[in-house]
Amino acid sequence: LLTRERADRGVAESESEQKSAFLAQVAHELRQPLGAITTAAGLLDAANPSAAAKDRALRVITKQTEHLRRLVDDLLDLSRMTHHELQLSKVNVDICAVVEDCCHSIEPDATGRGIRFVSSLPDCPVSIHADATRIRQVLLNLLTNAVKFTEAGGEVHLIVEQHTSEVVIRVSDTGRGIASDRLSTIFEMFQTGDGERGGLGVGLAVVKGLTEMHGGTVHATSPGLGRGSEFIVRLPNNIRPAA
């Protein structure tokens with residue numbers, strides 16, 4: 001009985017430590033964009049700010065607010081998936097349209113960081129039965145990570161391949177890469193591939209969850225630290241006939 005009580009206490013203490021670490025990670029992840037927004041708001045509140053200063057401050061506020069919104073969305077979606085409460089709204093979707101939308105969203109950030117962004121699509125349309133909003137979320141999470149961990153002068157590539165039974169989406173970069181011992185855990189909740197600027201580690205868990213809800217798979221490859229990485233999403237090519 002005493003042994004069982006000690007084991008239960010150990011589990012409870014471990015869970016408590018995990019919750020504390022998670023809350024600390026959330027606080028850290030929120031602090032940076034909130035600090036940037038506060039600084040930008042201060043510039044707008046200054047006496048007679050120049051037009052250039054106003055424009056710069058508004059861009060910062062818009063970018064950091066979007067970052068916060070996506071972080072909150074990922075946290076909420078992860079919670080819903082954990083409790084099996086997230087529902088997909090599947091229709092026949094042209095994956096090309098979704099990809100092009102994601103490209104338009106990510107290109108300004110990549111260009112602003114001095115990163116070359118390249119996309120390649122097969123003959124379109126490429127239709128799959130999917131939730132377009134969730135597929136967009138998957139791609140944006142992967143592209144945002146690729147840009148985040150790639151230095152100026154590097155490249156990010158997005159390639160879509162159409163096969164008989166599936167559509168394959170590859171997001172690769174020339175960035176920091178992933179250590180071999182992290183590849184097996186990179187999609188687990190609150191895991192990151194890099195301790196520095198690693199972030200909260202929920203984005204890839206959301207990518208995995210949403211991809212698997214579509215009947216697909218996702219995996220990561222990397223030659224090692226400093227040598228880039230590639231994330232490969234495979235989605236079934238299961239078009240539904242029109243009613």
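**Entry 1: the end of helix 5**

I started at Gly215, which sits just after helix 5 and takes a positive phi of about 80°. This is a predicted model, so I keep that in mind for every value below.

From there I stepped back into the helix itself. How many of the residues of helix 5 are buried? I found eight of its 11, so I noted the helix as mostly covered. The buried ones are Gly203, Leu204, Ala205, Val206, Val207, Gly209, Leu210 and Thr211. Next I asked what covers the buried residues of helix 5. The cover includes two helices, helix 2 and helix 4, along with strand 6 (217–221) and strand 7 (229–236). I took the two helices in turn.

**Entry 2: helix 2 against helix 5**

Helix 2 spans residues 51–82 and helix 5 spans residues 203–213. Their axes lie 10 Å apart, and I read a packing angle of about 50°. The two helices are therefore oblique to each other. The crossing of helix 2 past helix 5 is left-handed.

On the helix 2 side, the contact uses Asp74, Leu78 and Met81. Helix 5 brings Gly203, Ala205, Val206, Gly209, Leu210 and Met213. I sorted the contact of helix 2 with helix 5 by class and got six nonpolar, two polar and one charged residues. The spacing of Asp74, Leu78 and Met81 made me recall a rule of thumb. An α-helix has 3.6 residues a turn, so residues three or four places apart point the same way.

**Entry 3: helix 4 against helix 5**

For this pair, the axes come within 9 Å and cross at roughly 145°. Helix 4 passes helix 5 with a left-handed crossing. From helix 4 I listed Arg134, Gln137, Val138, Asn141, Leu142 and Asn145. Their partners in helix 5 are Gly203, Leu204, Val206, Val207, Leu210 and Thr211. The contact of helix 4 with helix 5 divides into six nonpolar, five polar and one charged residues.

I then compared the two lists for helix 5. Gly203, Val206 and Leu210 appear in the contact with helix 2, and Gly203, Val206 and Leu210 also appear in the contact with helix 4.

**Entry 4: helix 3 against helix 4**

Helix 4 also packs with helix 3, so I looked there next. Helix 3 covers residues 95–112 and helix 4 covers residues 132–148. Their axes come within 10 Å and cross at roughly 30°. Are they roughly parallel or oblique to each other? Angles under 35 degrees count as roughly parallel, and helix 3 and helix 4 are therefore roughly parallel. Their crossing is right-handed.

The helix 3 side of the contact holds Ile95, Val98, Val99, Asp101, Cys102, Ser105, Ile106, Asp109 and Ala110. Opposite them in helix 4 are Ala132, Ile135, Arg136, Leu139, Leu140, Leu143, Thr144 and Val147. By class, I have 12 nonpolar, two polar and three charged residues for helix 3 with helix 4.

I picked out Ala110, which is found in helix 3. Its relative accessibility is 0%, so Ala110 counts as buried. Setting aside residues up to four places away in sequence, Ala110 touches Ile115, Phe117 and Val147. I also looked up Leu143, 33 residues from Ala110 along the chain; their C-alpha atoms are separated by 9.5 Å.

**Entry 5: single residues**

Back in helix 2, I checked Gln64. Is Gln64 buried or exposed? With 12% relative accessibility, Gln64 counts as buried. Leaving out residues up to four places away in sequence, Gln64 touches Gln32, Pro33, Ala36 and Ile37.

His84 sits in the loop between helix 2 and strand 1 (91–94). Its phi is positive, about 55°, although His84 is not a glycine. His84 counts as exposed because its relative accessibility is 70%.

One peptide bond also went into the notebook: Cys124 and Pro125 are joined in cis, with omega about 5°. Pro125 lies in the loop between strand 2 (116–120) and strand 3 (127–130).

**Entry 6: the whole chain**

Last, I stepped back. The chain has five helices and seven strands, and from the N terminus on the order is α-α-β-α-β-β-α-β-β-α-β-β. Of its 243 residues, 37% count as buried. The accessible surface comes to about 13,600 Å², and carbon and sulfur atoms account for 53% of that. Among contacts between residues at least 6 apart in sequence, 72% join residues at least 24 apart.

Terms used. Residues numbered from 1 in each chain as written. Predicted model: local features only at pLDDT ≥ 70, side-chain atom pairs only at ≥ 80, totals over all residues. Heavy atoms only, no water. Axes fitted to C-alpha atoms, helices over the stretch in contact; angles between N-to-C directions. Helix = DSSP H or I, 4+ residues; strand = E, 2+ residues; numbered from the N terminus. Parallel < 35°, antiparallel > 145°, perpendicular 65-115°, else oblique. Left-handed = near helix turned anticlockwise from the far one by under 90°. Contact = heavy atoms within 4.5 Å. Nonpolar A, V, L, I, M, F, W, Y, C, P; charged D, E, K, R; others polar. Buried < 20%, exposed > 50% of the residue type's maximum accessible area, 1.4 Å probe, protein only. Areas by Shrake-Rupley, 256 points an atom, 1.4 Å probe, with all protein chains shown as cover.
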